[in-house]
Amino acid sequence: MPSQLVDKYYRTESLPHIWCPGCGNGIVTRAIVKAIDNLGLNQDDVCIVSGIGCSSRASGYLDFNTIHTTHGRALAFATGIKFANPKLHVIVITGDGDCVAIGGNHLIHTARRNIDITTIVFNNNIYGMTGGQYSPTTPTGDRGTTAPYGNIDANFDLCNLAKAAGATYVSRATVFGANMIIKQVENGIKNKGFSFIETITICPTYYGRKNKKGDSVDMITDLKEIAVNKVSYEKLSEEQRKGKIIVGELYKGKRPEYVEEYNRMVESF
Amino acid sequence: MTEKIIRLMQGNEACVEGAIAAGMRFYAGYPITPSTEIAELSAAKLPRIGGKFIQMEDEIASISAIIGASLTGYKAMTATSGPGFSLKQEGIGYAAISETPCVIVNVQRGGPSTGLPTFPAQGDIMQARWGTHGDHSIIALYPSTVREIYDTTIKAFNLAEKYRTPVILLMDEVIAHMREKIEIPNIDEVEIYNRKKPKSSPSEYLPFHVREGDIVPEMVNFGEGYRFHVTGLVHSETGFPTNDHKIAENLITRLINKIQDNVEDIVEYEEYRLEDAEKVIIAYGATARSVKSAIDSLREEGCKIGMFRPITIWPVAQKQIEEMARKVKKVSVIEMNMGQYFLEIDRIAGKYTTVNQYGRVHGELITPEEIISFIKEG
């Protein structure tokens, strides 16, 4: 029997999903839905906007106002939607390639405007939909089909990028800690401004296989090992910090929100 | 009786005034010569009339934002030029397959690439038609005077809403930046087409189903209680993606036919001194103004010549051009490019008469004198 969450928020007619066995995307998608449920938002008032890639298929499976846009442009579409109808809770689902490679400029500027949009990046360190090419978050040295000798690019710290660009809520969690994702999405939606939540997910089919990371369980267990909170991270030596990722709420700020500023300008006439 | 409003107005300004009269209340854009005044005037006006203006980080973001805004119920527009028009092509395709009404203004300039940013050119005729990938139909309008910019901008919005499609307004740099005295029609006399509200309830709503007798599916807005899905993938009537070959073909065919089957409703053109013409010039936009002057001079010399001026560039006025081609000895296409609309006119008229072309790409207008020499030599 499907869970009440599936019954209420999933478009069961559009299932089964396209994700591979062992993919972490389902964990993140459920966490987003659970956060929406916990907040008690009306489904008619929620708009899910996604780009192109594996994670961006999530919008089609969820029973809200949903739009699966063009590659990299989810945040630009979302900006149009939020600015036009500020009553909607606009949530963007995107991947590492979608959000910070082809869509990197939109991330910077959406964060700069601090428009009230909550963005959840499904970071699986690879282009999954196209079959395993290295992305801006593939760790240096790791392999992809377009990095057969190892990736020589430096990989991005997405949270630092979002914070520097002006996001007012920045957090990171992994698919090992689904409850942490739920809490972060709740807080991201509650933040009146641009919220950026990086979820580290797993792609056993391409990233895992190409880099001999084992199966889904191995990869999730790895995430458990390498994820540390900010306080613990700061206590670690330089040597111990290698390969670790910091999870938790990394930044909370307060700045004027774009639509509110626009309305303030209009009221001043 | 209300008093007539007479104004000295720039073409780009007439575009904004026409858009606002049509109901445009959302504009997203990026600065680019020679269209920038459209963004500037929208920025000044929209916040004062309950509208929204946003300057986006680039051209792609601008078209993405207007599609998003349109899905919430706004009449939305963006304006650009040459290189920016190239960047918007993927978004135009998205609007076409998702049947999202929006207006894209392209004030053309010399190309390719950065080209001649401050000079006129008519080089985007084929890009307007085929710029986005894949099979699709498109509506593109081409005004010739400042007053006509006002009218065709309104028409662009009406067609976008009626046919649920992106509509391209092609403009010439010279008319965009030229000031002419125009009479602004009383707003009550302007025909405005608004999106039809759905007859279906949320539970029975199929977002891409066309009801018997309708041209397009009923469109509801995000946030109105109909939770539907929009995608750039091929989709069934439910809005959800599918790889079903039959559904794919039906969808693409329907998108093409909703425009091709209604050409008579969409097509607008001007005929100038065609009654007894043996020769016809086909021209549009600023070039048509030089052509008119050339025709008046040639007529004085006894030459039986006239002009057919398409205002709707796409879809092409095939039937009218065919009928005309049967009657005349020669059709000349005169345009500020190396023969783009000529290809289309030759396809239609070439079966019945001789078709030739005169084009310049040096960034200056084609003069009446050049046209007279070309006709006399030809």
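Begin the tour in chain B of this predicted model, where H12(B) passes H13(B) in a right-handed crossing. To find the pair, select residues 318–327 of chain B for helix H12 and residues 340–349 of chain B for helix H13, and look along the place where they pack, with their axes 9 Å apart and at an angle of about 60°. That angle makes H12(B) oblique to H13(B). Two packed helices are described by the angle between their axes and the distance between the axes, and both values can be kept in mind while the view is turned.

Now show the side chains at this crossing: from H12(B), select B:Gln318, B:Ile321, B:Glu322 and B:Ala325, which meet B:Ile345, B:Ile348 and B:Ala349 in H13(B). Sorted by class, the residues of this contact of H12(B) with H13(B) are 5 nonpolar, 1 polar and 1 charged.

**A sheet inside chain B**

Stay in chain B and colour the strands, and an open sheet of 7 strands with mixed pairing can be followed in the order E3-E2-E4-E5-E7-E6-E13. At its edges stand strand E3 (52–55) and strand E13 (312–314) of chain B, each of which pairs on one side only. On average, and with direction ignored, neighbouring strands of this sheet are turned by 25° against each other.

For one pair within this sheet, select residues 75–80 of chain B, which are strand E4, and residues 102–108 of chain B, which are strand E5; the two run parallel and are joined by 4 bridges. Strands of a sheet pair through backbone hydrogen bonds, either parallel or antiparallel. A good residue to label here is B:Met77, whose bridge partner in E5(B) is B:Val103.

Zoom out to the whole of chain B, which holds 14 helices and 15 strands. Its C-alpha atoms fill a box of roughly 70 × 50 × 50 Å, taken along the principal axes. A compact globule with 378 residues would have a radius of gyration near 21 Å, and the 21 Å of chain B agrees with this.

**Across to chain A**

Next, display both chains and look at where they touch: 32 residues of chain A are in contact with 34 residues of chain B. On the side of chain A, strand E2 (65–68), helix H4 (74–84), helix H6 (104–113) and helix H13 (258–267) each supply at least two residues, and the largest share, 8 residues, comes from H4(A). By class, this side of chain A has 13 nonpolar, 14 polar and 5 charged residues.

Which strand of chain B is joined to E2(A) by bridges? Select residues 229–231 of chain B, which are strand E9, and you will find that E9(B) runs parallel to E2(A), with 3 bridges between them. Within this pair, A:Thr66 stands opposite B:His229.

**A sheet with strands from both chains**

From that pair, follow the strands outward through an open sheet of 9 strands with mixed pairing, in the order E9(A)-E10(A)-E7(A)-E8(A)-E4(A)-E3(A)-E1(A)-E2(A)-E9(B). Strand E9 (227–229) of chain A and E9 of chain B stand at the edges with a single partner strand each, so one side of each is left without a neighbour in the sheet. Neighbouring strands here are turned by 20° against each other on average, direction ignored.

Further along, select residues 169–174 of chain A for strand E7 and residues 245–252 of chain A for strand E10, which pair in the antiparallel sense over 4 bridges; among the residues there, A:Ser171 has A:Glu249 in E10(A) as its bridge partner. Helix H10 (residues 216–226) of chain A packs on the sheet, touching E7, strand E8 (195–200), E9 and E10 of chain A, and its direction makes about 30° with that of E9(A).

**Back to helix H4 of chain A**

Return to H4(A), which lies across strand E1 (46–50), E2, strand E3 (89–95) and strand E4 (117–123) of chain A, and which runs at about 175° to E3(A). The axes of H4(A) and H6(A) come within 8 Å and cross at roughly 35°. Where these helices touch, A:Leu75, A:Ala76 and A:Thr79 in H4(A) meet A:His106, A:Leu107 and A:Thr110 in H6(A), a contact whose residues divide into 3 nonpolar, 3 polar and no charged.

Finish with the whole of chain A, which has 13 helices and 10 strands and a C-alpha trace that spans about 60 × 45 × 30 Å along its principal axes. Its radius of gyration, 18 Å, agrees with the value near 18 Å that a compact globule with 269 residues would have.

How values were computed:
Residues numbered from 1 in each chain as written. Chains lettered and ligands numbered in written order. Predicted model: local features only at pLDDT ≥ 70, side-chain atom pairs only at ≥ 80, totals over all residues. Axes fitted to C-alpha atoms, helices over the stretch in contact; angles between N-to-C directions. Parallel < 35°, antiparallel > 145°, perpendicular 65-115°, else oblique. Left-handed = near helix turned anticlockwise from the far one by under 90°. Contact = placed C-beta atoms within 7 Å. Nonpolar A, V, L, I, M, F, W, Y, C, P; charged D, E, K, R; others polar. Pairing = 2+ DSSP bridges. Rg over C-alpha atoms; globule rule 2.2 N^0.38 Å.
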